[in-house]
Amino acid sequence: MAHSPVKRHEIFPVGSPVYMDYNATTPVDPRVSAAIYPHLTTLWGNPSSAHQFGFAPKLSVDRSRMQIARLIQAQKNDHVIFTSGGTESANWAIWGTVEAAHQRANSINKDNVLPHVITSAVEHPCVINMCKHLATTHRCSLTIVPVDLEGRVSVEDVVSSLRPETCLITIMHANNEVGTVQPIEDIARALKENVPPGLGPLFHTDASQSVGKIPVDVNVLGVDLLTIAGHKLYAPK
């Protein structure tokens, strides 16, 4: 006996969509809303103000910084820098590292050697676009390493791409489209084995899709710079 196919509106009534795109963004958790609400109503002072109206907001900012540092096991609270979001965070990490490398090169008269950046072929646009922009404006040279059929970077490919002028490696922690977790710890370990202490590149990872979903410890990962996007784990946009 033939059966009629189930129509979509019989499962999902019109006007009642189901949200499943948590890698794009998440709703704001009620506990987050409750924590923020006083600062939208009564505790609206500037946390940098040296008077009573700034004291409570300053304490809240400091508490937030401490909580985030504990979340990722940062060694100091002031290692946490607030930005407008994941894109700005990644951009500052990449641009800042490249510009610092330029300053070091200038100080030792190596203007003809561009700082070198290594990234992967599956990075978020905020990372890959910034890397390409710096390369096309002649602020750095760029190596984009491929990934395998599961979207995973080869540690050997990263190590073989190293140059004396490599200043930055930026590889995402977890992919926003397919969920692949990259071998960040293995790359960091390989760097220590192949580069003399203090002479190697900085290592940045975009952890926007992993923080809040899987354990993220900057000491275990072995990274120097890590990007977090609060709205991916129930904070406001």
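These legends describe several close-up views of a predicted model.

**View 1. The whole protein chain, with eight helices and five strands.**
The model is predicted. Read along the sequence, the elements follow the pattern α-α-α-α-β-α-β-α-β-α-β-α-β. The C-alpha atoms fill a box of roughly 75 × 70 × 35 Å, taken along the principal axes. Of the 237 residues in the chain, 35% are buried. The chain exposes about 14,600 Å², and carbon and sulfur atoms supply 58% of that area. Take the contacts with a separation of 6 or more: residues 24 or more positions apart account for 63% of them. Six salt bridges turn up in a search of the whole structure. Some of them appear in later views.

**View 2. Helix α2 and the residue at its start.**
Helix α2 covers residues 30–41. Its twelve residues reach 17 Å from the first C-alpha to the last. That is close to the 16 Å expected at 1.5 Å a residue. At the start of α2 sits a contact from side chain to backbone: a side-chain oxygen of aspartate 29 comes to within 2.8 Å of the backbone nitrogen of arginine 31.

**View 3. Alanine 24 and its partners from far along the chain.**
Alanine 24 is placed in the loop between α1 and α2. It is partly exposed, because its relative accessible area is 33%, between the limits of 20% for buried and 50% for exposed. Lysine 232 lies 208 residues away along the chain, yet the C-alpha atoms of alanine 24 and lysine 232 are separated by 7.0 Å. Neighbours within four places in sequence aside, alanine 24 is in contact with Tyr19, His231 and Lys232.

**View 4. A nonpolar surface patch of Tyr19, Tyr22 and Tyr234.**
Together these tyrosines have about 290 Å² of accessible area. Tyrosine 22 belongs to the loop between α1 (8–11) and α2. Its relative accessible area is 33%, so tyrosine 22 counts as partly exposed. Tyr19, another member of the patch, also appears in the previous view as a contact of alanine 24.

**View 5. A salt bridge within helix α3, between aspartate 62 and lysine 58.**
The two side chains meet at 2.8 Å, N to O. Both residues lie in helix α3, which spans residues 52–72. They are four residues apart, about one turn of the helix. An α-helix has 3.6 residues a turn, so residues three or four places apart point the same way. Aspartate 62 is partly exposed, at 32% relative accessible area. Lysine 58 is also partly exposed, at 38%.

**View 6. A salt bridge within helix α7, between arginine 189 and aspartate 186.**
The closest N and O atoms of this pair are 2.8 Å apart. Helix α7 runs over residues 184–194. Arginine 189 and aspartate 186 are three residues apart in α7, so about one helical turn separates them. Arginine 189 is partly exposed, with a relative accessibility of 43%. Aspartate 186 is partly exposed too, at 37%.

**View 7. Arginine 152, a loop residue with a polar contact.**
Arginine 152 sits in the loop between β2 (141–145) and α6. It is partly exposed, at 30% relative accessible area. Its side chain and that of glutamate 150 are joined by a polar contact of 2.9 Å. Glutamine 182 is 30 residues away along the chain, and its C-alpha atom is separated from that of arginine 152 by 5.8 Å. Not counting residues up to four places away in sequence, arginine 152 touches Pro146, Val147, Thr180, Val181, Gln182 and Pro183.

**View 8. The loop between α6 and β3, with buried serine 161.**
The loop that holds serine 161 links α6 (155–160) to β3 (166–170). Serine 161 counts as buried because its relative accessibility is 14%, under the 20% limit. Leaving aside neighbours within four places in sequence, serine 161 contacts His116, Ile118, Thr143, Val145 and Thr166. A salt bridge joins arginine 163 and glutamate 165, with the closest N and O atoms 3.9 Å apart. Arginine 163 is partly exposed, at 35% relative accessibility. Glutamate 165 is partly exposed as well, at 27%.

Key:
Residues numbered from 1 in each chain as written. Predicted model: local features only at pLDDT ≥ 70, side-chain atom pairs only at ≥ 80, totals over all residues. Heavy atoms only, no water. Helix = DSSP H or I, 4+ residues; strand = E, 2+ residues; numbered from the N terminus. Buried < 20%, exposed > 50% of the residue type's maximum accessible area, 1.4 Å probe, protein only. Contact = heavy atoms within 4.5 Å. Expected span 1.5 Å × (residues − 1). Polar contact = N/O pair within 3.5 Å; in protein donor to acceptor, adjacent residues only side chain to side chain. Salt bridge = Lys/Arg side-chain N within 4 Å of Asp/Glu carboxyl O. Patch = residues over 30% accessible without salt bridge, like charges linked within 9 Å, V, L, I, M, F, W, Y side chains within 5 Å. Areas by Shrake-Rupley, 256 points an atom, 1.4 Å probe, with all protein chains shown as cover.
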